[in-house]
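Please look at how helices pack against one another here, and at the empty space that is left between the atoms.

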Amino acid sequence: MARYAMVIDTRRCIGCHSCTVACRTHNHLPVEMIYNPVMTIGPTGKFPSLHLSHLPLLCMHCANPPCVDGCPTRASQQREDGVVFIDQNKCISCKTCIMSCPYGARKANHETGTVQKCDFCRDRLAEEKLPHCVATCHQKARIFGDLDDPTSEVYKLVNTEKVTRIHEELGTEAHVFYIVS
Amino acid sequence: MKCHEDTWGWMLAADFFLAGMGAAALAIAAIADIFGAPAVPLAVRVAAPVLIAMGASLLVLELGKPFQGWRVFLNPKAILTFGAWNMTLAIVLGALKAACYFRQIGAVVPLLNSTGLQNTVSVLLLVVGLIVSSYPGVLLARLVARPLWTGPGMVVLFLLSSLITGIALIQLTVAFSVSSPTLNLRWVLLGMVAVQAILWPLYLFVKRTGTTKREADAACTWIRGSVAPAFWLGVFGAGSLLPVAVQIVAPQCSAVAALLCLIGGATLRYLVVLSGKERTWIAGEQQYFARLPNGDEAFLKAWTKR
């Protein structure tokens with residue numbers, strides 16, 4: 001069984017927000033909902049040594065997802081391949097998962113009365129296609145694949161590059177890895 | 001339109017307050033019953049399950065799909081499910097216990113007159129009452145993403161606050177009671193409020209100095225930030241110090257002291273739930289969301305009109 005993960009190379013990200021737009025368009029998200037915002041950090045330093053970087057965020061599809069553990073309706077689930085998703089028929093928007101998530105990845109939809117989040121475009125995964133954000137990134141800053149497959153690019157990057165995870169201290173074991181300069 | 005993160009609102013705070021107060025009152029009444037102390041006023045026995053039911057109703061109204069609220073009972077591993085079951089048990093057992101005190105009901109259902117049943121219900125109410133009093137603290141303490149809540153301290157503080165409001169409810173009723181001698185917990189209330197007045201500043205001090213930066217920042221909001229005026233004046237002053245002073249200086253005004261405790265308890269719940277808006281932020285996140293529209297911008301209104 002695959003274990004899906006994403007590597008984001010922040011050295012390549014130019015903050016164009018194409019991934020944000022692609023995700024919102026293809027997933028038909030309400031105007032107030034963003035699954036994968038791109039943060040801008042900086043500019044820091046003093047001229048002429050200025051530094052600006054971008055940090056794309058999304059659901060981290062954690063190995064220990066606090067959102068799944070806390071869900072009272074079992075709407076939040078994790079597949080064997082690691083994809084965390086919400087069964088919209090079971091979700092009642094109690095917001096426990098929103099409060100549990102250290103990454104702000106979950107958003108309440110007031111029209112449907114449910115909570116929504118990135119699910120690595122599992123409809124596309126079923127067709128063996130890449131998530132929209134990955135397919136759109138013209139800088140190849142997002143790399144997606146099977147972390148259990150030694151031939152995959154994510155496996156190689158995670159094991160050869162110096163990668164980091166957000167809020168590693170919380171023990172969630174996020175499966176979105178960042179390569180930072 | 002609201003692009004910012006949705007968090008729990010005042011209805012959950014009201015649920016924590018009402019259910020905690022009702023459940024603690026049931027637990028105290030159960031202790032009095034088990035150990036043969038003077039009776040708790042009947043009004044408290046009737047009001048307590050009603051208060052828990054009101055809290056549960058607010059919890060349901062907070063949901064995105066209130067008519068599917070029954071789904072919260074489905075995951076035994078979730079703290080919210082555990083709390084929902086215990087709240088339901090507290091309402092049912094509390095109503096059953098109150099029914100035992102009405103002769104008319106006892107005449108229709110003779111089983112309610114059984115001492116064995118009443119004692120069993122009392123023991124169950126003690127357990128369930130304490131669980132409902134403390135479970136919001138457990139729920140919040142497990143949320144590692146919320147720096148002010150995380151850690152076992154919140155469980156103790158919630159249990160203590162629930163017990164204070166529960167006793168305050170009893171004291172308020174006792175003050176207006178004209179019937180036979182009833183349970184008087186004036187000094188117990190005084191002691192607990194004094195302990196609360198010590199524990200909360202200590203909790204904030206530990207968060208401020210002994211833990212991570214994110215927790216220190218959250219504590220600073222309470223110590224001298226945006227939450228500070230409401231905390232120091234509403235919870236620490238009016239809800240803790242003032243009741244102690246009233247009890248000592250004017251013991252005949254115990255109803256006023258009890259009322260102040262209730263105000264302090266309600267304010268505390270609201271502030272604690274409100275502080276859930278403070279997450280452990282990721283670099284650049286606050287600036288990003290600050291730039292997003294709120295929905296009342298002129299260009300959005302014009303766009304919507306089209």
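In this predicted model, helix H1 (residues 10-34) of chain B packs against H6(B) at an angle of about 70 degrees, with the axes 7 Å apart. That makes H1(B) roughly perpendicular to H6(B), a term for angles of 65 to 115 degrees. Axes are lines fitted to C-alpha atoms, for helices over the stretch in contact, and angles run from 0 to 180 degrees between N-to-C directions; helices are DSSP runs (H or I, at least four residues), numbered from the N terminus.

Helix H2 (residues 42-62) of chain B also meets helix H6 (residues 153-175) of chain B, their axes coming within 10 Å and crossing at roughly 140 degrees. The two are therefore oblique to each other, the word for angles that are not under 35, over 145 or from 65 to 115 degrees.

The table lists some of the residues in contact, which means heavy atoms within 4.5 Å.

| Helix pair | Residues in the first helix | Residues in H6(B) |
|---|---|---|
| H1(B) and H6(B) | including Phe16(B), Phe17(B) and Gly20(B) | including Phe158(B), Ser162(B) and Leu163(B) |
| H2(B) and H6(B) | Ala43(B), Val44(B) and Leu51(B) | Leu169(B), Ile170(B) and Thr173(B) |

Residues are numbered from 1 along each chain as its sequence is written, and chains are lettered from A in the order in which they are written. Local features need pLDDT of at least 70, side-chain atom pairs count only at pLDDT 80 or more, totals for chains, interfaces and linings use all residues, and side-chain values use heavy atoms, with hydrogens and water left out.
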